[in-house]
Amino acid sequence: MDGKLPNKVARIFHRSCSPAAIGYFCVVGGTFVPGLFLMAPSRFSQQSHTGLTYRTNNGSYCASRLSFSLQDLSRQHVAYFSRTRMPQTTPFAAKFTPNPYGSSHSHYKPVEESYGGLIYHDNNLVSGSLEALIQHLVPTVDYYPDRSYIFTFLLSSRLFLHPFELMSRVCYLCVEHHRVGDPQIDKKRIRDIAPKIVQLLTEWTETFPYDFRDERMMRSLKEMTHRLAFGDELSRRAMQRLIQRLLRKLTILGQYEESLVTSSTAATAAVEKPGGLKAKQHVVRREECVLNVCDDPFILAQQLTHIEMERLSYIGPEEFVQAFAQKRPSNNHKSFFSKRRASNFEAYIEWFNRLSYLVATEICLPIKKKHRARVLEFFIDVARECFNIGNFNSLMAIITGMNMNPVSRLKKTWGKVNTDKFEILEHQMDPSNNFYNYRTALRGATQRSATAHTAREKIVIPFFSLFIKDIYFLNEGCASRLPNGHINFEKFWELAKQVSEFLSWRQVICPFERDRKTLQYLISVSVFTEDELQLASYESEGPENNLERDTRRSLRSSLSRM
């Protein structure tokens, strides 16, 4: 693999990988450079702090090493995805008798067979032609596909054909393909299969509702309602309720996207207010300091979790596939791919960048050293609370903000701060060994979520940029088609497992009380640009050499002309 990203992905990663070290990945000339991390070297000694830490009564840390059960990782939503390989129950599966000695029996031999254009290995679907896989999705009177297969194929099929094309094919195979011309026989066949068609379309609309923003998909759905009415009044009513639920979901989505545009516009307008850097610093110090809005690290971490979970909840599973598709399905229609490829996906990455810049801005704003140190300590405590909650994305964004050069160079400020807690957190998110410490903590949080007794324990918010990177390399590291032209379905089982785990995290409802004033501040308060941050840093603690003095002079000149 040459590491080359499609332009869309390069732009997405670039947004989370600014020169100020946002996102912890590097994209050079559109090429992803794995292993190039921009995080400041950890000052923490190499002792073990894996697992989750919890706050004790005296405010100190205690580390807890957890044991993990892979079977417990995701018990919600698509919980039937196993950690090894997800079995696909089919008519072919019934031909096998259970092994009385278990899979470890010395005489056990793997079985690979072909059935209707589908290839199975040990009774697991591993590949097949596109047409055979579509046929396998379509229910009959005597057959209904596994939900794991439905999710996996609906997720991955968009790499090969447009969802509208799949919808048209499924509708034809469900109804038209079985017509014999006798109205009575046709009516009975539709009546017999209608409940299964409704169930399939219910799973499609509930798991991939954004597919139906395409007007052609909605038209097909309504046409199917009309066809089912020919044979079964109950199914027609079920389809009508399905469409009503879908329309409500799409309405909520539209309102959410409008709110994102509004908040983004407000934040941009705040940044563009006239008055120069010093005037803006004075206004923010006097009226818009984070400590004046919320001085409790636990509450601020809770409000960050609210924002994270809301934005996660609107990311469609298909966005993970669409973002990395190097070639779109052949389609000139203005809808779907051209209109919306991964908008909520990108908005979530932009939120990570905003939070990092917000943290750096708040630290660099105060002129007095003791005030900067207070803000720095406050955000260290916020990061610790994020870790305890299971909000790893906000945790990493805060650490990223603190490791940006305008903050890390404030040596006098850091000298007044006890950095032990920060170094522990930095160690937990250390990129060494492919983020081993973080992945251990994430597994612990996932296990805690699976066995949770309270709503708070269910929260798992992954470091999103790393989650994207894992999916990207899975997609790039395995061929989607085999040499014989078959779809490599083993790859898509693995992709679906990762995305389904994300869906189980996404559906958790945030249990914390909302603080509207704090939420509004986090979303809309102005933040410095990279140049403004650097100049604010120089104004707080002066340049240490001629290069920094020249840089400050250049920044003053360029910003005064804005």
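**Entry 1: a hairpin**

I began with one pair of residues: histidine 121 has asparagine 124, in β7, as its bridge partner. Before going on, I noted for myself that this is a predicted model.

Next I looked up the two strands around that pair. Strand β6 covers residues 118-121, and it runs antiparallel to β7, with four bridges between them. Two residues sit between the strands of this hairpin. One of them, aspartate 122, has a positive phi near 55°.

I then turned to asparagine 123, which I found in the loop between β6 and β7. What is the phi of asparagine 123 near? I read a value near 70°, which is positive in a residue other than glycine. That caught my eye, since most residues other than glycine have a negative phi. I also checked the cover on asparagine 123: its relative accessibility is 22%, so I put it down as partly exposed.

**Entry 2: the other side of β7**

I stayed with β7, residues 124-128, and asked how many of its residues are buried. Five of its five are, so I wrote the strand down as mostly covered.

Which other strand does β7 pair with? I found strand β8, residues 487-488, joined to β7 in the antiparallel sense over two bridges. One of the partners I could name here is isoleucine 487 in β8, which is matched with glycine 128.

**Entry 3: a second positive phi, and an alanine**

I went looking at phenylalanine 435 and found a positive phi of about 55°, although this residue is not a glycine. Phenylalanine 435 is placed in helix α18, which spans residues 432-450. Is phenylalanine 435 buried or exposed? Its relative accessibility is 0%, so it counts as buried.

Then I looked at alanine 397, which lies in helix α14, residues 392-403. Alanine 397 has a relative accessible area of 0%, and therefore I noted it as buried. I also looked up how alanine 397 sits relative to phenylalanine 463: the two are 66 residues apart in sequence, and their C-alpha atoms are 8.8 Å apart in space.

**Entry 4: salt bridges**

How many salt bridges are there? I have 15 in my notes, and I picked out a few to follow.

I started with arginine 169 and glutamate 131, whose side chains meet at 2.6 Å, N to O. This salt bridge links distant parts of the chain, with arginine 169 in helix α4 (residues 163-174) and glutamate 131 in helix α2 (residues 130-137), 38 residues apart. I checked the cover on each partner. Arginine 169 is at 28% relative accessibility, so it counts as partly exposed. Glutamate 131 has a relative accessible area of 34%, so it is partly exposed too.

My second pick was aspartate 214 with arginine 216, where the closest N and O atoms of the salt bridge are 2.9 Å apart. Are these partners buried or exposed? Aspartate 214 is at 0% relative accessibility and so counts as buried. Arginine 216 is at 11%, and buried means under 20%, so I listed it as buried as well.

My third pick was the salt bridge between the side chains of arginine 372 and glutamate 541, at 3.3 Å, N to O. Here, too, the pair links distant parts of the chain: the partners are 169 residues apart. Arginine 372 is in helix α13 (residues 369-389), while glutamate 541 is in the loop between α22 (530-540) and α23 (546-560). Arginine 372, at 2% relative accessibility, counts as buried. Glutamate 541 is at 7%, so I marked it as buried.

**Entry 5: a charged patch on the surface**

Last, I moved to the surface. Which residues gather in a patch of positive charge there? I wrote down Lys368, Lys369, Lys370, Lys412 and Lys416.

I followed one of them further. Lysine 412 lies in helix α16, residues 411-415. Is lysine 412 buried or exposed? Its relative accessible area is 56%, and exposed means over 50%, so I noted lysine 412 as exposed.

Technical notes
Residues are numbered from 1 along each chain as its sequence is written. This is a predicted model: local features need pLDDT of at least 70, side-chain atom pairs count only at pLDDT 80 or more; totals for chains, interfaces and linings use all residues. Side-chain values use heavy atoms; hydrogens and water are left out. Patches are made of residues with over 30% relative accessible area and no salt bridge: like charges are joined within 9 Å, nonpolar side chains (Val, Leu, Ile, Met, Phe, Trp, Tyr) within 5 Å. Accessible areas come from the Shrake-Rupley method with a 1.4 Å probe; for residues, only the protein chains shown count as cover. A salt bridge is a side-chain nitrogen of Lys or Arg within 4 Å of a carboxyl oxygen of Asp or Glu. Lys and Arg count as positive and Asp and Glu as negative; His and the chain ends are not counted. The place of a charge is taken as NZ of Lys, CZ of Arg, CG of Asp or CD of Glu. Buried means under 20% relative accessible area, exposed over 50%, partly exposed in between (1.4 Å probe, protein chains only). Two strands pair if DSSP finds at least two bridges between them.
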